[in-house]
Amino acid sequence: MALSDFYERSTIVHEHLRGKIGIVNKMPIESQDDLSIAYTPGVAGPCRKIAENGALARELTIKRNTVAVVTDGSAVLGLGNIGPLAALPVMEGKALLFKEFANIDAWPICLDTQNADEIIETVRRIAPVFGGINLEDISAPRCFEVENSLRPGPQEAPTSLERRHFLRRSLAIAPVLGVAGVGHGIYTSGNETRLPVVPLHFPHLPAELEGLKILQISDMHIGPYIQLSDLENLLERADTLAPDIILVTGDICDHKPDYLATLRLLESAPAPLGVYASLGNHEYIRGIGRIRGHFDKTTIPLLVDEGLSIPVGDATLFLGGADDPRFLRSEESYQRLRNSVKKAVADSAGEDFTLLMSHRSQALDTAVPLGGIDLILAGHTHGFQFGIAGRSVFEPFFPERYIWGHYAKEDTQLYTTAGVGHWLPFRFGCPPEAPLFTLHRA
Ligand SMILES: [Fe+2]
C-alpha cells in the first residue's frame with residue numbers, strides 16, 4: 001500500500017472519530033446522591049484533605065495516573081514545524097499509546113508559543129494536575145533549554161519527561177509507569193541495549209568458521225529516541241566482545257543530518273572481517289538516493305541484491321544482502337522480496353557458508369525452497385516491542401512474521417533481532433538488543 005493510501009485512510013478515520021481519545025467517567029451519576037458525592041457538597045472533603053497535605057492529591061485525584069503530552073509543534077515527526085494545532089493528531093496518538101500500552105491517562109497539550117521561557121512557564125503552571133510531563137517534538141536547541149529548566153530538583157516531584165535524551169527520559173518516566181500499575185522490570189525501553197551472545201549450530205560448518213563472532217546491529221533509528229552517543233556506547237561495549245564481523249541490517253538513521261556521522265561511527269568499529277550493511281524500509285522513507293551517496297563516502301559495503309565472498313582462513317563466508325520491499329503486504333511485494341533474495345545469494349554456490357542479511361524475516365520462506373542459505377539475519381519487527389520469555393507476545397497471532405528470536409526451517413536458520421531503536425518509546429519484556437552470534441559445528 002502506498003503512503004498516500006495511509007494518509008487518506010487516516011484522514012477518514014480521524015474525521016469519523018473526531019479525534020482518537022476521550023474521557024471516561026469512573027463513577028455513574030444516576031441520582032442526587034451520586035452527584036453530591038462526585039461534586040458538591042461532598043467533594044469538599046477530599047479538597048480539604050489535599051489543602052492540608054498536597055501529597056494526598058496523588059491518592060485522591062487523577063494526578064497519579066495522568067500525563068501531559070506537551071508540544072509547541074516545532075519538530076513534529078517528519079513533518080517539521082507545523083505548529084500546535086496541526087500537531088494535535090500526533091499528540092493524540094501519543095496519548096492513545098500511553099493508554100493502550102501502559103493504561104496511563106495522557107492528554108495532549110499543544111501550546112500556542114514557541115518561546116522557550118513561555119513553554120517552561122506554562123508547563124510549571126499546569127504541572128499540579130499531572131503525575132508526569134512528556135515534552136514532545138520541540139525542536140533543538142530549545143528542547144534542551146526547556147528540558148534542563150524543568151528537570152526535577154531533589155525535593156521536587158517528577159514533572160519532566162524529556163524528549164531528546166532517551167535514557168534519561170526513561171528514568172524519568174519510570175515513576176509514572178510504576179504508579180500506573182505496570183510492574184517494575186517489565187518496562188524495559190530505558191535499559192541499555194543488550195548484547196546477548198547467541199550460539200548457533202550448523203552440522204556442516206567448516207572448521208575455519210568455528211567460533212566466528214558476528215555482531216548484528218539493526219533498526220537503530222537514530223533520531224528522537226536513540227542518539228549517536230547511544231550507538232557510540234553500544235560499540236564501545238561490543239568491542240569488549242571482539243566481534244569478527246559487524247552486520248547492519250537496515251533502518252539505520254531517521255535523522256537526516258546524522259546519517260553520514262552514523263555510518264562513520266559504524267565504519268570505525270573494529271572488526272577484522274569488516275562492517276557490512278543492507279537496507280531497511282526506512283532507508284527508502286528517508287531518501288534512498290541520498291543515503292546511497294552517504295554509503296559511497298564510507299568503506300561500508302552496502303549489499304543490495306548482491307553478495308560477496310569473504311575469506312576466513314581457507315574457508316569462505318558468502319554474505320548476501322536482500323533489498324527491502326518497502327511495504328510487504330501485496331503478492332507483488334512478496335515477489336519483490338523473493339526475487340531479491342535469489343539475486344543476493346545467486347553467486348553463493350560452492351561457498352562454505354552462506355549468510356543473508358534481510359531486513360525482513362519473511363525471507364526465510366524464500367530461502368528454504370531455494371536451499372543453500374545457512375543463516376538469515378533479520379530485523380524490522382522490533383519484536384513488536386512486547387515480549388515474554390524471549391518471544392514477542394504477538395508471535396501466536398503472526399507466526400509467519402518470525403517476529404523475534406531464533407527460528408529454523410529445514411537447513412536454514414533465522415534470527416530476527418528486536419533491534420536497537422524504537423518506533424515509540426515503549427518496550428515491555430522486549431529490550432533493545434544487538435546480538436552477538438557465535439558459530440559452532442553441531
Ligand atoms: Fe524496518
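**Entry 1: Val341**

I began with the partners of Val341: beyond its neighbours within four places in sequence, Val341 is in contact with Ala322, Leu356, Ser358, Ala363, Thr366, Ala367 and Leu370. By contact I mean that the C-beta atoms of two residues, placed from the backbone, lie within 7 Å.

A note to myself before going on: this is a predicted model, where local features need pLDDT of at least 70, side-chain atom pairs count only at pLDDT 80 or more, and totals for chains, interfaces and linings use all residues. Residues are numbered from 1 along each chain as its sequence is written.

Where does Val341 lie? I found Val341 in helix α13, residues 331-344. Helices (H or I, at least four residues) and strands (E, at least two) are DSSP runs, numbered from the N terminus. Is Val341 buried or exposed? Val341 counts as buried because it has 27 C-beta neighbours inside 10 Å. My cut-offs: buried takes 20 or more other C-beta atoms within 10 Å of the residue's own, exposed takes 12 or fewer, and partly exposed is in between, with C-beta atoms placed from the backbone. I also looked up one partner, Ala322: it is 19 residues from Val341 in sequence, and the two are 5.3 Å apart in space, C-alpha to C-alpha.

**Entry 2: α13 and α14**

Next I followed α13 to helix α14, residues 363-370. Their axes come within 9 Å and cross at roughly 50°. (Axes are lines fitted to C-alpha atoms, for helices over the stretch in contact, and angles run from 0 to 180 degrees between N-to-C directions.) The two helices are therefore oblique to each other. Angles under 35 degrees count as roughly parallel, over 145 as roughly antiparallel, 65 to 115 as roughly perpendicular, and the rest as oblique.

The crossing of α13 and α14 is right-handed, meaning that the near helix is turned clockwise from the far one by less than a right angle; anticlockwise would be left-handed. Which residues make the contact? I noted Leu337, Arg338, Val341 and Lys342 on α13, and Ala363, Thr366, Ala367 and Leu370 on α14. Sorted by class, this contact of α13 with α14 has five nonpolar, one polar and two charged residues. (Ala, Val, Leu, Ile, Met, Phe, Trp, Tyr, Cys and Pro count as nonpolar; Asp, Glu, Lys and Arg as charged; the others, Gly among them, as polar.)

**Entry 3: α10 and its surroundings**

I moved on to helix α10, residues 259-267, where Tyr259, Thr262, Leu263 and Leu266 are buried. They sit on the same side of α10 because they cover an arc of only 95° around the axis. The arc is that of the directions from the helix axis to the C-beta atoms. A textbook reminder: an α-helix has 3.6 residues a turn, so residues three or four places apart point the same way.

What do the buried residues of α10 pack against? I listed α9 (228-239), β6 (245-249), β7 (275-278) and α12 (288-296).

I took α9 as one partner. The axes of α9 and α10 come within 10 Å and cross at roughly 10°, and the pair is therefore roughly parallel. Leu228, Leu231, Glu232 and Leu235 of α9 meet Ala261, Thr262 and Leu265 of α10. By class I get five nonpolar, one polar and one charged residues in the contact of α9 with α10.

Then α12: its axis and that of α10 come within 10 Å and cross at roughly 35°. This crossing is right-handed. Tyr259, Leu260 and Leu263 of α10 make the contact with Ile291, His294 and Phe295 of α12.

**Entry 4: Ile217**

I looked up Ile217 in strand β5, residues 213-217. With 28 C-beta neighbours inside 10 Å, Ile217 counts as buried. Outside its neighbours within four places in sequence, Ile217 is in contact with Ile246, Val248, Val420 and Ala434.

**Entry 5: backbone oddities**

Most residues other than glycine have a negative phi, and most peptide bonds are trans. I found a cis peptide bond joining Thr40 and Pro41, with omega about 10°. Pro41 is in the loop between α2 (32-38) and α3 (44-52).

Arg18 is not a glycine, yet has a positive phi, near 55°. Asp251 also has a positive phi near 55°. Arg18 is exposed, with 7 other C-beta atoms within 10 Å, whereas Asp251 is buried, with 27.
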